[in-house]
Amino acid sequence: MKTDIRAAIEQYIPRCEQEQRDRAVMLAFMERNADAFERSNLIAHMTASAWVVNPGRDRVLMVYHRIYDSWSWTGGHADGERDLLSVALREVREETGVRSARPVTEDIYSLEVLTVDGHKKRGEYVPSHLHMNVTYLLEADDSEALKICEEENSGVAWFTLDGALAASTEPWFVERIYRKLNDRLKDF
């Protein structure tokens, strides 16, 4: 059953000031922009990410992202799709080769508004913009074969929870996002 993403964001209970403020920004953005789910909106657009953990909840799956030059979570653009859980699952398959990923819960795990610096993609300049991001908690078999998605990443690996924080070279993500995602695992 597909979730009404706007209703899910409205019903999501923020767990920190960052989420409270970002949730308000996301809802206002969706209200004012009919193209909120399309990357043709060059100011901002909806995206989905996944915090993929193993069944023991002591390892997390990360990719070495080419644009950010850092180990990071999986995720991508909605590209018109309003079922952001499906987007998160698709991105895990595409970016890691993992087919066993499944939602721990279909509920939103985290919300965040993310800045994206201008960069080149497929030879074309993409201006700086915002990602209105919805994160889902997924579980996958950490013995499954991993596959690099050459277009987007140059590495795929499982890390311990602390190892994932140490591997990322993006301080804001480590302190504001990844640490928060790890801390929430105790609720599952």
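A strand, as the word is used here, is a DSSP run of E residues, at least two of them, and strands are numbered from the N terminus. In this predicted model, strand 4 is the one in which His-77 lies, and this residue offers a good place to begin.

His-77 counts as buried because its relative accessibility is 17%, and buried means under 20%. Its side chain makes polar contacts with two other side chains: one with the side chain of Arg-39, at 3.4 Å, and one with the side chain of His-131, at 3.3 Å.

These three residues lead on to the largest pocket, which holds about 810 Å³ of space. Among the 40 residues that line this pocket, Arg-39, His-77 and His-131 are, together with His-119 and Lys-121, the closest to its centre. The lining as a whole divides into 12 nonpolar, 14 polar and 14 charged residues. Several elements each supply at least two residues of this lining, including strand 4 (74-77), strand 9 (129-139), helix 3 (84-96) and helix 5 (171-184).

Helix 5 can be followed a little further. This helix has 14 residues and reaches 19 Å from its first C-alpha to its last, which is close to the 20 Å expected at 1.5 Å a residue, and it bends by about 35° at Tyr-178. Tyr-178 is also one of the buried residues of helix 5, and among the others are Phe-173, Val-174, Ile-177, Lys-180 and Leu-181. When looking along such an element, it helps to recall a general point: an α-helix has 3.6 residues a turn, so residues three or four places apart point the same way.

Terms used: Residues numbered from 1 in each chain as written. Predicted model: local features only at pLDDT ≥ 70, side-chain atom pairs only at ≥ 80, totals over all residues. Heavy atoms only, no water. 1 Å grid on protein atoms, 1.4 Å probe; cavity = no way out; pocket = protein on both sides within 12 Å on 5 of 7 lines; lining within 4 Å. Points joined across faces, edges and corners; volume = space filled by probe spheres on them. Helix = DSSP H or I, 4+ residues; strand = E, 2+ residues; numbered from the N terminus. Nonpolar A, V, L, I, M, F, W, Y, C, P; charged D, E, K, R; others polar. Expected span 1.5 Å × (residues − 1). Bend = angle between axes of the 7 residues up to and from the residue. Buried < 20%, exposed > 50% of the residue type's maximum accessible area, 1.4 Å probe, protein only. Polar contact = N/O pair within 3.5 Å; in protein donor to acceptor, adjacent residues only side chain to side chain.
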